[in-house]
Amino acid sequence: MLDWISANFSNLLKNIDAIIFYSIGGEQGLPIIVLWLISGALFFTIRMQFINLRAFKHAVDVVLGKYDDKNEEGEVSHFEALATALSGTVGLGNIAGVAIAISVGGPGAAFWMTLAGFLGMSTKFIECSLAQKYRIFHPNGTVTGGPMYYLSIGLADIGQKKLGQILAVMFAFLNILATLGSSSIFQSNQSQVVVANILPFVAEKTWIYGLLLVLIVGLVIIGGIQRIAAVAAAIVPAMCGIYFLAGLWVILSNFTAIPNALASILHSAFIPQAMVGGFAGALVQGFRRAAFSNEAGLGVAAIAHATAKTDEPIREGIVALLEPFIDTIIICNITALVVIITGAYNNPEFANFGGSELTLAAFASVITWFPSLLTLCIFLFALSTIISSSYYGQVSWQYLFGDRSVIIYKILFLISIFLGTVIQPETVIKFADSLKIALAFPSLLGAYFLSNKIANDLKNYMKRLQTGEISS
C-alpha cells in the first residue's frame with residue numbers, strides 16, 4: 001500500500017513539474033515559465049524607460065542613507081530591507097547553480113544570465129514599488145505587504161477585485177508550500193552536505209546539525225522582521241564580501257586568461273549549444289535551484305521591501321533594483337568567471353561533480369585552503385536564505401489564516417529545517433522549487449495590470465527629484 005502511494009505521489013509531482021516547465025519545441029525548447037519571466041522583464045524595462053539604468057545612482061544614494069527619515073512609517077531602513085531581500089536570493093544557486101549552467105550550456109550561459117539579471121532589475125522595481133504602495137499598517141505599529149496585498153487591493157482599484165482575490169490566494173498558498181519545501185528543506189539539506197565534507201562528524205550525527213540550525217533560526221525568527229533584518233544586515237555584506245574577494249583573487253591570479261574567457265563567453269553565447277544551454281541551462285537547469293537566483297518576477301522580495309521606512313513607494317522600488325545587480329551581475333558572474341578561467345567546467349576530472357563541488361574545485365585550484373572558507377560562506381548563504389524565507393512564508397500564512405495561528409507555521413518551518421538534515425528529500429525539493437517558480441504567474445500578471453499606476457508614480461517622483469522638491 002505504501003509503495004503504491006509513494007509511486008503515485010511521485011508521478012503526481014512529475015506531472016505538476018512537467019506542466020509548470022512545459023517547453024515550446026520539446027524538451028530542449030524554451031519553457032513557457034522562462035518565456036513569461038523574460039517577456040515580463042523586457043516589457044517592464046521598456047515601459048519604465050530603462051529605470052535600471054537611469055535610477056541606478058539614486059538607488060545607491062538611498063541605500064547609503066542619504067534619504068532616510070526616522071519619522072517615516074515602516075519597520076526597517078532601506079539598507080536593512082535590501083539586505084533582507086538579498087539574504088533570500090544570494091545563496092547556493094550563486095555557487096552551485098551557476099557552475100551547473102556553465103557546464104551544461106558552456107561559457108555563453110554567463111552572457112544570458114547577465115542579460116536576465118539586467119532586465120530583472122526592472123521587474124524588481126515594479127514588484128517592490130507595488131508592495132510599498134499597497135502595504136497594510138497594523139494597530140501595533142507593524143507593517144505588512146507583498147504580492148498578496150497588491151494583487152487583492154491593487155486589482156480591486158482597477159475593477160478586477162475577483163481576479164485579484166483569486167491571484168492573491170494562489171500566491172500565498174504556493175509561497176507557503178514553496179517556503180516549507182525549497183527554502184527550508186533544501187537549504188538545510190545542502191548546507192549539511194557541504195559542512196560534512198569539512199566536519200566528518202556532521203555526516204554521522206546529522207540530527208545534531210539539524211537541531212543546531214533549528215535553534216539558531218528559531219532565535220532569529222521569533223523576533224520578527226526587525227530582528228531578521230538586523231541579522232541579514234550583518235551577515236549579507238560579510239558573506240558577499242568574502243566570496244567576492246576570494247573570487248577576485250582567483251580571477252586576478254589568472255589575469256592573462258581573462259581576455260580569452262570573455263571572448264569565449266561572447267563567442268559561445270550565440271552558437272546553438274549556448275542558446276539552448278544559456279536559456280534552458282542557465283535559467284532553468286542551473287538557476288532553478290535558486291528559483292532563478294535573484295527571484296525577479298516571483299514577488300517574494302517585495303514582502304521584505306514593504307516594511308521599509310519611507311513615504312515614497314517608488315523610492316523603495318528603486319532600492320530593490322540593486323538586488324539583481326548584486327546577486328546576478330556581480331556574484332553569479334564571479335562564480336562564472338572562476339569556473340571558466342580555471343577550466344573547471346570542462347575538466348574531465350570533475351565530470352561527475354555536483355555544482356558546489358565543481359565551484360569548490362575551481363577555487364581550490366588557486367587557493368588550496370579555500371574550500372574551508374567557502375564552506376563557511378555556504379553555511380551563511382543557507383542560514384540567511386532560511387531566515388528571510390521564513391518571514392516570506394509567515395506573511396503568506398497570516399494572509400490566509402490570520403495572526404493567531406502563525407505559531408503553527410513557525411513550528412512547521414522549523415520541523416522542515418530539521419527534516420532537511422536527516423533525510424534525502426529530492427522529490428519534495430524538486431516539487432517545492434517548481435511551486436516557487438510558479439509564483440511568477442500570479443505575481444507578474446498583477447504587475448502587468450498595475451504597471452500604468454507605477455509608471456505615473458515614477459514620472460511624478462523623478463520630476464520632483466529633478467526639481468529639488470525631493471532632497472537628501
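By class, how many nonpolar, polar and charged residues does the lining of the second largest cavity have? The answer for this predicted model is 3 nonpolar, 5 polar and 2 charged residues. A picture of this cavity can be built up piece by piece, starting with the general idea behind the search. Rolling a probe the size of a water molecule over the atoms shows where empty space is left. In this structure, 2 cavities of 30 Å³ or more were found, and the second largest has a volume of about 50 Å³.

The residues that line the second largest cavity are Gly88, Asn175, Ala178, Thr179, Ser183, Glu295, Val300, Ser389, Tyr392 and Lys436. Two elements each give two or more residues to this lining, namely α9 (161–198) and α19 (370–401). Of the elements, α9 contributes the most, with 4 residues.

The chain as a whole sets the scene for these details. The protein chain is built with 22 helices and 4 strands. It counts 472 residues, and 57% of them are buried. Contacts that span long stretches of the sequence are also part of the picture: among contacts between residues at least 6 apart in sequence, 83% join residues at least 24 apart.

Next comes the nonpolar interior. The largest nonpolar core has 127 residues, and its largest share, 13 residues, comes from α19. Helix α19 was met above, as one of the elements giving two or more residues to the lining of the second largest cavity. Within the core, the residues with the most contacts are Ile102, Phe125, Ile318, Leu321 and Leu374. Leu321 makes a handy example to look up in the structure. Neighbours within four places in sequence aside, Leu321 is in contact with Ile51, Asn52, Ala55, Phe56, Ala59, Met121, Lys124 and Phe125. One of these partners, Phe125, is also listed among the core residues with the most contacts.

A closer look at a single polar residue rounds off the tour. Ser152 is found in helix α8, which covers residues 147–157. Is Ser152 buried or exposed? Ser152 counts as buried because its relative accessibility is 13%, and the cut-off for buried is under 20%. A polar atom of the Ser152 side chain lies 3.4 Å from the backbone oxygen of Tyr149. Farther along the sequence, beyond four places away, Ser152 touches Gly164, Gln165, Ala168 and Tyr399.

Conventions:
Residues are numbered from 1 along each chain as its sequence is written. This is a predicted model: local features need pLDDT of at least 70, side-chain atom pairs count only at pLDDT 80 or more; totals for chains, interfaces and linings use all residues. Side-chain values use heavy atoms; hydrogens and water are left out. On a 1 Å grid over the protein atoms alone, a cavity is a set of points where a 1.4 Å probe fits but cannot get out, and a pocket is an open set with protein on both sides within 12 Å along at least five of seven lines; lining residues have an atom within 4 Å of a point. Grid points are joined across faces, edges and corners, and a volume is the space filled by probe spheres set on the points. Ala, Val, Leu, Ile, Met, Phe, Trp, Tyr, Cys and Pro count as nonpolar, Asp, Glu, Lys and Arg as charged, and the others, Gly among them, as polar. Buried means under 20% relative accessible area, exposed over 50%, partly exposed in between (1.4 Å probe, protein chains only). A polar contact is a pair of N or O atoms within 3.5 Å; within protein, one must be able to donate a hydrogen and the other to accept it, and residues adjacent in sequence count only if both atoms are side-chain atoms. Contact means heavy atoms within 4.5 Å. A nonpolar core is a set of buried Ala, Val, Leu, Ile, Met, Phe, Trp, Tyr and Cys residues joined through side-chain atoms within 4.5 Å.
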